[in-house]
Every structure is written in C-alpha cells, then in structure tokens.
Amino acid sequence: MATPAQWIEGARPRTLPAAISPVLVGTGAAAYLDDFVWWKALLALGVALALQIGVNYANDYSDGIRGTDENRVGPLRLVGSKVATPRAVKTAAFTCFAIGAALGIVLCATSTWWLLVAGAASLLGAWFYTGGKRPYGYRALGEVSVFLFFGLVAVLGTTYVQAEDLHWTAVAGAVAIGSIACALLVANNLRDIPTDSVTGKRTLAVVLGAPNSRRLYAALTALAFILAAVSAIATPWTLLAFIALPLAAKSTRIILSDAVGPALIPVLKFTGLTELLYAIGLGLGLALGN
C-alpha cells in the first residue's frame, strides 16, 4: 500500500503550476476588464487543480498497466513502481475528475451553461491522453492537448466566467501560458525518449527527435515573452512577466546543452516555476493595467 507521501509524489506536485498559472492570468484579464470575482476565481482554481491531479493519476494508471513506466528515469510512478494497485490509482483519478466536474457545474450555473461543453471536452481529453485503446498522447498529440486545455480553455474560461467577456490580452495570455505548458511537456518527453521509443509511445519528442525537440522548447519559451511584450501595447504593466526570464533562460541553457536523462529533471522544476512566475507577473500586470 502506498504511503501518503507516495500518493502526494504520484500527484506530481511539480506539474501544479500548469493548473495554477492559467487561472492567475485569466483572473488578471478579468480584472483588466474591471470584472474580477474572487469566489469564481477560487472555483476555477479548484477545477484546474482537480483536473491536473486527476490527469496525473490517470497517466500513472494508463502508462503503468502498459509497462511504459517500468524503466523510466524520474519521479515515482505509483503503478509502474508497484507501490499502489492500478485500481486504486484509477479510482483516485476519477475521484479528482468528479470533484473538478462538480466545481465546474457550479461555475456554469453562475455564468453560462455552454461552458459545460468545454468542461466535458477537458474531462475526455484528460482521460484519453494515455487512456483507452488509442490514446492520443501516444500519437504525438500531447502538446496540442496541453496547449488547448491548459492554455486556451483554462485562461479564457477563467476570464469568461468572471467577466462574461474577452479581450485580446486574455487571448495573448492564453497562448503564452499554453506555450510554456507545452514546453514543460516537451522537456518531460525529451527526457523519456529512450524508454518511450522502446515501449512504442510515440510522443512528439520521439517523432521530432532530440535536436528538434530542444529547439521547440526554446521557441515555445521565447514566444511567451514575446507575447508579454506585445501585450504592453494595452498596458506596460504586462512587462512584469519578465521576472520569469532569468529562470527561463537557465532552463533553456540546460535544454540546449544536450543534457539527457537525469540531467533534464531540474528543467521540469525550472519550467514549472517559470510558468508560475510568468503568470504572477502577467496576471498582476493586467490587473494593474485596469
């Protein structure tokens, strides 16, 4: 039986900035429109965290039963390490999905019901990333999903449930956050190329190869800061996002240095912190630009 500490590690805490960051930016964009609603922001955060943890457990379950995680390099995987049963991990995943769905329904009831479509798509995307007979995460579509759900849907959804309107700065922020979230996945899959290639998991990193994956990481990271600079047209406060630049530069140097295996593990931490710092800076900048 897995210990509480192992369940926490299995939830992959280092990925949680990918859930928190879009809510920060989306809320900043709502504040820019003078429509910040604190309790809706908290509900949106609850949805994002529940879905992020749920998809982490779902991936642990699906990869574990396929044997993908048996010889991987990196943090603990509950099923792959045989410290928890597949059934227990699957139950944990669906419990998180149920919590996210319940909170999402409350948000829809207080804003607009058509957001249920986006919520249902998010749940399906979370499960079928590595679940089901034909998981799209094994078909080089993981980055597309992350960009869509942890970028566009999460940021714009957070803005809309509060302001019931959108501004181009929210769209720019959504693309930026989605780009950094994609960079995080690229770094993760770059590290796992050797084991994924053997087990038949065709991630985008496997398809592109290591050199092109490293260039993609750098390009995605750079795009986020370019968009923060462009958003300064609306308010120069968005340049606060550049507080994350030194950390982003540090992780990019590691990626471009041809680091492999365990040497890439710190990049996951640095990229997650980059996304969080960027979101704090951009979200605060948008709010101050009201």
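## Starting with Phe-94

Let's start with one ring: Phe-94 counts as partly exposed, at 40% relative accessibility. Keep in mind that this is a predicted model. How buried or exposed is Phe-97? With a relative accessible area of 6%, Phe-97 is buried.

## Rings along one helix

A pair of aromatic rings is described by the distance of the centres and the angle of the planes. In this model, the count comes to eight aromatic pairs. One of them joins Phe-94 and Phe-97, with 5.8 Å from centre to centre and 80° between the planes. That angle is over 60 degrees, so the pair counts as edge-to-face.

Both residues sit in helix H4, which covers residues 86–109. They are three residues apart there, so about one helical turn separates them.

## Reaching over to another helix

What about Phe-94 and Trp-127: how far apart are their ring centres? The centres lie 5.0 Å apart, and with the planes at 50° the pair is tilted. Phe-94 belongs to helix H4, while Trp-127 belongs to helix H5 (residues 115–128). The pair therefore ties together parts that are 33 residues apart in sequence.

As for its surroundings, Trp-127 is buried, with a relative accessible area of 15%. Its partner Phe-94, at 40%, is partly exposed.

## The cluster

Which residues do ring pairs link into a cluster here? They are Tyr-61, Phe-94, Phe-97 and Trp-127.

Technical notes
Residues numbered from 1 in each chain as written. Predicted model: local features only at pLDDT ≥ 70, side-chain atom pairs only at ≥ 80, totals over all residues. Heavy atoms only, no water. Phe/Tyr/Trp six-rings, centres within 6.5 Å; stacked < 30°, edge-to-face > 60°. Helix = DSSP H or I, 4+ residues; strand = E, 2+ residues; numbered from the N terminus. Buried < 20%, exposed > 50% of the residue type's maximum accessible area, 1.4 Å probe, protein only.
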